[in-house]
Amino acid sequence: MDVIRIAVVSSLPAMRAGLRLMLAGDGELQVTAEAVSLEALVAFPPPLDVLLVTGEAFSAPGMNRWLSQVDPDMGAEGELAVLVLAQEGRLRRDLERLPLRAWGLLSLDATADELAAGLHALAALGAAAMPLSQLLAPYDRYAASGEINSTVADQGAALNRILAEIPHE
């Protein structure tokens, strides 16, 4: 797999340093730029696959203006993937309105593994020329009934029956 290039944007130096350290454990994730604001990132636009931005930087004035200035090498409008780290669910509405290829909202309590998984998923979505439903279609082998079975008398036997139904190649 290719390296996923990430720009980290946060007004908090400790947050930027912490995120850099959290991502250092994944050899496929490379922080290519850090900035205190989105506007500062535009001044020296790096090539990137995913923009990782904290909620306070994302909520700062100028986000829409920043998106209109995105350099083609950074990702043309509608092709940028953005992961926002925040506690506020209200940012979802803001993300939905932006012309982004892919976006995600992750809690500030996320672990290094959760952060890495979110970045990998957004990089894949950002590179795909199809919606998530089409991207995941090959993995959707079973119909979702919406049922929840919370009690199973013999969990081992139930698991063996399920595994027996899965075709092995």
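Leaving aside its neighbours within four places in sequence, which residues is Arg16 in contact with? The legends below start there and then move outward through this predicted model.

**View 1. The surroundings of Arg16 in helix α1.** Setting aside neighbours within four places in sequence, Arg16 is in contact with Val8, Ser10, Ser11, Glu34, Ala35 and Val36. Arg16 itself lies in helix α1. Is Arg16 buried or exposed? With a relative accessible area of 13%, Arg16 counts as buried, because the cut-off for that class is under 20%.

**View 2. The open sheet and its strand order.** Here we meet five strands, arranged as β2-β1-β3-β4-β5 with parallel pairing. At the edges are β2 (29-35) and β5 (102-106), each of which pairs on one side only. On average, neighbouring strands of this sheet are turned by 20° against each other, direction ignored. As a reminder, strands of a sheet pair through backbone hydrogen bonds, either parallel or antiparallel.

**View 3. A look at the pairing of β1 with β2.** Strand β1 covers residues 4-9 and pairs with β2 in the parallel sense, over six bridges. For a landmark, find Ala7, which stands opposite Ala33 in β2.

**View 4. Two helices against the sheet.** Helix α1 (residues 13-23) lies across β1, β2, β3 (50-54) and β4 (81-85), and runs at about 170° to β2. Helix α6 (residues 112-127) packs on the sheet as well, where it touches β1, β2, β3, β4 and β5. The direction of α6 makes about 155° with that of β4.

**View 5. Where α1 meets α6.** Two packed helices are described by the angle between their axes and the distance between the axes. In this pair, the axes of α1 and α6 come within 9 Å and cross at roughly 80°, so α1 is roughly perpendicular to α6. Which residues make the contact? From α1 come Leu19, Met22 and Leu23, and from α6 come Ala112, Leu115 and Leu119. Sorted by class, this contact of α1 with α6 has six nonpolar residues, no polar and no charged ones.

**View 6. Helix α6 from end to end.** With 16 residues, α6 reaches 22 Å from its first C-alpha to its last, close to the 22 Å expected at 1.5 Å a residue. Several of its residues are buried, including Leu115 and Leu119, which we have just met in the contact with α1. Also buried in α6 are Ala116, Gly118, His120, Leu122, Ala123, Leu125 and Gly126.

Key: Residues are numbered from 1 along each chain as its sequence is written. This is a predicted model: local features need pLDDT of at least 70, side-chain atom pairs count only at pLDDT 80 or more; totals for chains, interfaces and linings use all residues. Side-chain values use heavy atoms; hydrogens and water are left out. Two strands pair if DSSP finds at least two bridges between them. Helices (H or I, at least four residues) and strands (E, at least two) are DSSP runs, numbered from the N terminus. Axes are lines fitted to C-alpha atoms, for helices over the stretch in contact, and angles run from 0 to 180 degrees between N-to-C directions. Contact means heavy atoms within 4.5 Å. Angles under 35 degrees count as roughly parallel, over 145 as roughly antiparallel, 65 to 115 as roughly perpendicular and the rest as oblique. Ala, Val, Leu, Ile, Met, Phe, Trp, Tyr, Cys and Pro count as nonpolar, Asp, Glu, Lys and Arg as charged, and the others, Gly among them, as polar. The expected span of a helix is 1.5 Å times one less than its number of residues. Buried means under 20% relative accessible area, exposed over 50%, partly exposed in between (1.4 Å probe, protein chains only).
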